[in-house]
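Please go through the structure below. The report after it covers selected helices and the loops beside them.

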Amino acid sequence: MSSNTYQNSDGFFGHPKGLSTLFFTEMWERMSYYGMRALLVLFMTASLQQEGLAFTVAAATAIYGLYTGAVYFLGLPGGWIADRLLGGQRTVWYGGIIIMCGHIVLAIPSDSTFFIGLILVATGTGLLKPNISALVGHLYQPDDVRRDSGYALYYMGINIGSIAGYIICGYFGEKVGWHYGFGAAAVGMAIGLIQYRKTIGNLGDASLKPEHPMTAAGAKKAWGVIWAVVAAVVVITALTMTGAITINPVAVAKYVAYTFTAIFLLYFGYIYFGGGLKETEKKRMWALFLVCVASACFWSGFEQAGSSLNLFARDYTDRMVGAFEIPASWFQFVNPLFIVILSPFFAALWINLGKRMITPSYGMKCAVGLIIMASGFIVMFFAAQAAAAGLEVAPYWLITTYFLHTVGELCLSPVALSAVSKLSPRRFAGQMMGVFVLTYSIGNVIAGLLAGNFDPENISALPNLYVQIAIFSIGIGAVIALISLKSKGWETHGDGEEKEPVEPAEAPAKAV
């Protein structure tokens with residue numbers, strides 16, 4: 001990497017000037033993504049009189065789970081395309097353009113193009129997300145002590161963007177018209193693209209070219225496969241839109257959940273049994289497996305925010321403040337707001353515990369995060385009981401739930417990313433980060449299936465749904481905690497092998 005990458009090293013709060021380019025690009029991209037995502041289930045379940053799609057809750061939440069799961073799954077080929085074919089800078093640019101086109105399609109008041117918009121946004125996000133996060137790391141020399149604080153600044157942009165998205169897109173979508181909300185997301189992504197293009201010189205040669213370029217013949221074959229996949233998606237989408245084939249989203253979501261889980265287990269097992277690992281590395285892989293299980297279970301509960309909890313806010317929560325009715329989607333910005341407030345305290349907590357020689361294992365930290373998240377559904381159990389009795393529930397029930405979910409997120413999400421980078425065998429570090437990302441996809445798809453049990457016509461069943469999620473999550477968390485207590489030595493680096501840093505992947509819920 002040439003020295004050009006590190007020019008203007010004090011251009012953004014003491015960091016490389018290129019960080020400002022990535023900060024604002026990511027801020028606007030997250031504004032568009034989370035703003036649009038907050039409207040999805042509300043739009044799909046709204047009646048035709050409300051200009052919605054009138055889907056059943058089960059179908060809408062399954063589609064939501066498939067969409068959010070696909071976003072993280074597509075980050076795997078997105079990272080590969082940048083590393084082997086295009087380079088990070090160009091992949092981010094093209095991904096942003098595809099995202100903007102997707103939002104524009106969603107803004108068109110035509111129900112027949114809805115799924116085209118979702119496919120475009122998911123594809124573009126898969127290209128942009130992993131590579132813009134990796135670009136942040138490329139701005140620093142390997143031994144630059146500013147790297148961690150640079151990522152902290154970058155994640156602050158993610159949270160600012162998500163808060164803005166929930167407020168702006170949520171207001172336009174619910175108060176003006178659904179397609180105006182999607183249009184606001186398109187405008188946000190357009191601003192991000194303009195900013196990125198005008199300041200791209202700040203990035204120097206950081207990931208300007210592929211890190212591991214293919215030969216000309218190999219690249220030609222790769223592009224052939226990529227375009228074949230695109231053509232297949234276009235054909236299937238066209239057949240679905242014309243009614244030639246019918247797709248049951250709930251059934252598809254179940255098969256996708258099974259497939260993602262099978263891929264995770266097979267790849268994990270391939271590295272464990274066929275990777276020639278030392279005994280100490282195998283023990284660390286078991287510790288990492290516990291973290292992965294906790295992660296998948298965590299996101300299956302946490303991601304109720306955009307589905308069942310979003311519907312609860314719309315249908316059963318008292319949202320009146322004077323003469324103004326708070327948009328249901330606005331409750332979701334409570335999470336990133338709590339992230340901004342609480343992150344410094346959690347950073348100090350782990351440091352102070354370390355000074356006192358109290359260092360819980362990765363598995364224990366993740367188990368605690370999972371149990372705290374589950375306690376939020378205990379809160380919702382009581383709120384749902386009030387709703388089942390015919391009462392409008394006060395907003396503080398949802399706010400308390402989101403607070404507990406955020407505390408759980410801060411216990412689990414950054415810890416899990418750190419565990420992947422430190423416990424993975426050195427020669428498989430990048431692949432293990434990709435395998436770990438599958439837990440996000442698994443969790444999101446399962447979340448959509450669980451939310452499908454939310455039946456507006458049978459509110460009396462809602463308390464049971466939330467208590468089932470709570471009991472399952474607490475049970476898994478307790479098992480992981482007990483195993484972690486019995487296996488403290490699994491995470492010890494007994495072979496003295498120095499670990500190379502792995503660029504952190506962005507956690508689904510904007511963890512810092």
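## Helices and loops

Just after H8, Gly243 takes a positive phi of about 85 degrees. Helices are DSSP runs of H or I with at least four residues, numbered from the N terminus. The model is predicted: local features need pLDDT of at least 70, side-chain atom pairs count only at pLDDT 80 or more, and totals for chains, interfaces and linings use all residues. Residues are numbered from 1 along each chain as its sequence is written, and side-chain values use heavy atoms, with hydrogens and water left out.

H8 itself has 27 residues. From first C-alpha to last, H8 reaches 39 Å, close to the 39 Å expected at 1.5 Å a residue. The expected span is 1.5 Å times one less than the number of residues. The buried residues of H8 are Gly218, Ala219, Ala222 and Thr237. Buried means under 20% relative accessible area, exposed over 50%, and partly exposed in between (1.4 Å probe, protein chains only). These H8 residues pack against helix H3 (75-86) and helix H5 (114-138). Contact here means heavy atoms within 4.5 Å.

Two loop residues other than glycine also have positive phi.

| Residue | Phi | Loop | Relative accessibility |
|---|---|---|---|
| Ala54 | near 60 degrees | between H1 and H2 | 42%, partly exposed |
| Ser207 | near 50 degrees | between H7 (178-198) and H8 (216-242) | 9%, buried |

H1 (residues 18-45) precedes the Ala54 loop. The 28 residues of H1 should span 40 Å at 1.5 Å a residue, and its end C-alpha atoms are 42 Å apart, which agrees. H1 has a kink of about 30 degrees, centred on Leu39. The bend at a residue is the angle between axes fitted to the seven residues ending there and the seven starting there. H1 is mostly covered, with 26 of its 28 residues buried.

How do H2 and H15 run relative to each other, parallel or antiparallel? The axes of H2 (residues 57-73) and H15 (residues 429-451) cross at roughly 175 degrees and come within 7 Å. Axes are lines fitted to C-alpha atoms, for helices over the stretch in contact, and angles run from 0 to 180 degrees between N-to-C directions. H2 and H15 are therefore roughly antiparallel, a term for angles over 145 degrees.

On the H2 side, the contact includes Val57, Thr61, Gly65 and Tyr72. Among their H15 partners are Val437, Tyr440, Asn444 and Ala451. By class, this contact has nine nonpolar, seven polar and no charged residues. Ala, Val, Leu, Ile, Met, Phe, Trp, Tyr, Cys and Pro count as nonpolar, Asp, Glu, Lys and Arg as charged, and the others, Gly among them, as polar.

How values were computed: Helix = DSSP H or I, 4+ residues; strand = E, 2+ residues; numbered from the N terminus. Parallel < 35°, antiparallel > 145°, perpendicular 65-115°, else oblique.
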